Amino acid sequence: SIKNQPEQTITSFGASGAWWPNDVIHFPADARTKLGDLLFSKNGLHLSSYRYNMGADGGNDSKQVTNPQRVVESFMRTDGTYDFSRDHAGVTFLQMAQSYAVPYITFFVNAAPSHIADNHHACGWNLTEAKIPAFADYIKTVLSYWKNDGVNVAYISPVNEPDNPRGDCGQEGMAVHPQDRTPVFKALKSALGATVASSVGIIGDETSQIVTQAGIEDPVWLPSSAPYLSNIAVHNYDYPTDAELALYYDQTLSLTNGHPPPIKFTESCCATAAGSGSGVFGQLYDPTMVNALIVARYVWQFLTLANAQSFDWWTAVTNLPCSPSVDGAQCATAVNRTAGYNDGLVYIDPNYNQTHDYSFYPTKRAFAVKHFSYFIRPGSVRYDVDGSSLPVGVEALATRSSTRRNGRGASVPLWNVLFLNNQTSTQAITLRLPGGHAKMQNAVKTTPMDDWTTVKPLPAVNHRQQT
């Protein structure tokens with residue numbers, strides 16, 4: 001049964017444009033167009049959120065990120081001048097997201113530009129209070145430019161994973177100590193106030209882990225930061241249990257007098273186990289339904305236990321652990337326990353420049369995300385489902401929107417109910433809606449054998465009861 005009390009309003013489901021544009025920009029134009037359709041159109045994943053990575057590499061830095069794929073050009077050069085023709089790869093797909101009118105575009109920052117950094121690098125340093133004004137001014141300048149250019153930037157995350165300076169420079173990174181996070185949010189709020197970017201919401205602090213970091217550090221910064229934030233943003237790289245996540249949400253309520261900025265879940269990937277055991281970050285490529293259900297449960301977990309209003313997977317596209325044209329088709333479809341990561345929704349051949357394979361390989365994980373992004377569009381409202389009436393191993397997520405019109409032109413409720421079946425057999429379920437007659441419009445399934453397949457015939461409806 002779906003309960004009568006409405007919960008949070010849902011805004012979006014998406015993924016980031018981090019790193020992969022540096023590869024895909026070298027694909028033929030028609031392949032890049034195909035990717036845009038796959039990620040953003042109704043024929044594809046229909047993502048409603050896209051996270052653009054604001055880079056930190058100045059161009060002539062004395063030390064650069066050691067992995068060339070993870071070098072992201074900053075709009076601020078090493079000498080402090082601005083050049084908005086930089087990061088051509090990232091901007092190409094940012095503008096593609098805008099061309100599809102993706103509802104929520106977020107800019108996120110792993111590190112301040114090398115010109116601002118104390119060590120003049122895009123990694124391996126701690127943001128100090130003295131650097132905050134220049135950092136805020138830089139973000140203001142970048143956001144204002146792209147807003148004026150027609151990019152509908154909705155959010156800015158100034159300190160993505162501030163717990164890690166990335167001292168090995170394997171990727172961009174900048175630590176921001178908990179006591180320095182409120183000054184960053186406050187300075188940025190002030191800097192944006194009188195600009196074209198004043199409507200851009202500030203989200204934070206995107207700490208990597210719930211229990212071992214957010215639970216410990218939030219009391220230091222969250223109470224004083226809440227007035228400057230449109231949203232709290234979190235990652236889950238310690239893969240909390242339901243009980244641990246519920247405690248985190250209780251603490252969030254306590255720290256904000258019961259009225260926290262809405263929570264956005266903004267990054268996850270790379271779990272090697274979950275469901276029957278604790279998730280562990282590690283090497284594993286699993287494109288199958290097993291990992292798809294793990295990811296779907298993360299969405300269910302944060303939306304139902306932490307009332308998150310959105311969910312973003314880590315990255316939209318990443319490399320396969322092999323080349324299908326060389327190693328066989330199973331390279332993209334079979335589990336690989338010794339190479340690769342569960343970090344993308346869609347995969348590409350890492351040796352495309354040699355094999356000329358410009359194909360895109362979606363995983364079951366991608367189709368699982370589509371079940372959320374396609375049906376639960378911005379503005380949908382979540383309702384709790386009575387889990388005691390569900391079979392063991394089955395979870396449900398219910399949302400309601402008012403986008404359907406009846407024959408008289410009046411808006412009528414449109415319910416979307418998603419069932420996650422972790423069992424190995426079909427389960428019989430009786431669904432009761434909270435009042436009113438029901439008409440089944442559509443049903444779609446993703447299974448080990450099916451990718452986003454329409455269910456036919458549709459189940460019969462008996463007034464308020466649907467089996």
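Okay, one term before we start: a residue is called buried when its relative accessible area is under 20%. And keep in mind that this is a predicted model.

With that in hand, let's look at strand S11, which spans residues 310-319. How many of its residues are buried? It's 9 of the 10, so going by that under-20% cut-off, the strand is mostly covered.

Now, who are the neighbours of S11? Let's go through them. Strand S2, residues 12-16, runs parallel to S11, and 4 bridges join the two. If you want a spot to click on, find Phe13, which stands opposite Phe311 in S11.

Then there's strand S10, residues 263-267, also parallel to S11 and joined to it by 2 bridges. Here Lys264 is the one to look for, standing opposite Ser310.

And S11 pairs with strand S12 too, residues 344-348, again in the parallel sense, over 4 bridges. In that pairing, Asn319 has Ile348 of S12 as its bridge partner.

Okay, let's switch to a single residue, Ser74. Where does Ser74 sit? You'll find Ser74 in the loop that links strand S3 (49-54) to helix H3 (88-99). Buried or exposed? Ser74 counts as buried, because its relative accessibility is 0%.

So what does Ser74 touch, leaving out residues up to four places away in sequence? The list is Gly55, Ala56, Asp57, Arg86, Pro113 and Tyr138. Gly55 comes up again when we look at the side chain: the Ser74 side chain reaches the backbone oxygen of Gly55 at 3.5 Å.

That's my tour, thanks!

Conventions: Residues are numbered from 1 along each chain as its sequence is written. This is a predicted model: local features need pLDDT of at least 70, side-chain atom pairs count only at pLDDT 80 or more; totals for chains, interfaces and linings use all residues. Side-chain values use heavy atoms; hydrogens and water are left out. Buried means under 20% relative accessible area, exposed over 50%, partly exposed in between (1.4 Å probe, protein chains only). A polar contact is a pair of N or O atoms within 3.5 Å; within protein, one must be able to donate a hydrogen and the other to accept it, and residues adjacent in sequence count only if both atoms are side-chain atoms. Contact means heavy atoms within 4.5 Å. Two strands pair if DSSP finds at least two bridges between them.
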